[in-house]
Amino acid sequence: MPKKLKKIPADLVSYIQIETEAIKDSNDKMMISSYCLGKLELVNWYIELLEVGSKKYIVPQSKAYLETVRDQLMECHKEIMKTKISNPKDRPIVDIKYPEGYEG
């Protein structure tokens with residue numbers, strides 16, 4: 001009996017994009033990069049299963065959908081890698097955001 005695989009969630013790409021915007025340090029960058037690449041690997045495997053017509057697994061989404069997700073994940077990974085991490089030593093110790101028009 002073939003095993004039905006989990007669907008790739010529709011909000012996967014949005015989640016990665018939001019996490020990319022929240023990158024603060026190299027640890028964040030590594031975590032989201034790793035997560036993105038892991039999902040990309042999974043999507044590629046699903047596509048491969050569809051291409052070879054696997055009898056062992058049931059892929060719950062179409063090849064066209066998976067290819068779109070794959071392209072979006074590749075784009076996300078480019079953005080993750082482009083994200084610059086500011087050196088904590090370069091940041092001010094006290095960073096006060098004054099209201100607009102404040103003269104002090």
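Helices here are DSSP runs of H or I with at least four residues, strands are runs of E with at least two, and both are numbered from the N terminus. This is a predicted model, where local features need pLDDT of at least 70, side-chain atom pairs count only at pLDDT 80 or more, and totals for chains, interfaces and linings use all residues. Residues are numbered from 1 along each chain as its sequence is written, and side-chain values use heavy atoms, leaving out hydrogens and water.

**Exercise 1. Work out how many helices and strands the protein chain has, and in what order they run.**

Step 1: count the elements. The protein chain has three helices and two strands.

Step 2: walk along from the N terminus. The order reads β-α-α-β-α.

Step 3: look at the chain as a whole. Of its 104 residues, 24% count as buried, where buried means under 20% relative accessible area, exposed over 50% and partly exposed in between, using a 1.4 Å probe on protein chains only.

**Exercise 2. Find how helix 1 and helix 2 are oriented to each other, and which residues make the contact.**

Step 1: get the angle. The axes of helix 1 and helix 2 cross at roughly 160 degrees and come within 10 Å. Axes are lines fitted to C-alpha atoms, for helices over the stretch in contact, with angles running from 0 to 180 degrees between N-to-C directions.

Step 2: name the orientation. Angles under 35 degrees count as roughly parallel, over 145 as roughly antiparallel, 65 to 115 as roughly perpendicular, and the rest as oblique. Helix 1 and helix 2 are therefore roughly antiparallel.

Step 3: list the residues in contact (heavy atoms within 4.5 Å). Helix 1 brings Leu12, Tyr15, Ile16, Glu19 and Thr20, while helix 2 brings Ile32, Tyr35, Cys36 and Lys39.

**Exercise 3. Now do the orientations of helix 3 with helix 2 and with helix 1.**

Step 1: take helix 2 and helix 3 (residues 63–82). Their axes come within 9 Å and cross at roughly 160 degrees, so these two are roughly antiparallel as well.

Step 2: take helix 1 and helix 3. Here the angle is about 5 degrees, with the axes 10 Å apart, so this pair is roughly parallel.

Step 3: see who meets whom. Among the helix 1 residues are Ile16 and Thr20, and among those of helix 3 are Cys76, Glu79 and Ile80.

**Exercise 4. Describe the surroundings of threonine 20 and serine 33.**

Step 1: place them. Threonine 20 sits in helix 1 (residues 12–21), and serine 33 in helix 2 (residues 26–52).

Step 2: check accessibility. Threonine 20 is buried because its relative accessibility is 11%; serine 33, at 7%, is buried too.

Step 3: look for neighbours, skipping residues up to four places away in sequence. Threonine 20 is in contact with Ile32, Glu79, Ile80 and Thr83, and serine 33 touches His77, Ile80 and Met81.

**Exercise 5. Why is there no bond between the sulfurs of cysteine 36 and cysteine 76?**

Step 1: recall the rule. A disulfide is a pair of cysteine sulfur atoms within 2.5 Å.

Step 2: apply it. The count comes to zero disulfides. Cysteine 36 is in none, with the nearest cysteine sulfur, that of cysteine 76, 5.4 Å away. That 5.4 Å is too far for a bond.

Step 3: add accessibility. Cysteine 36 is buried, with a relative accessible area of 0%, and cysteine 76 is buried at 3%.
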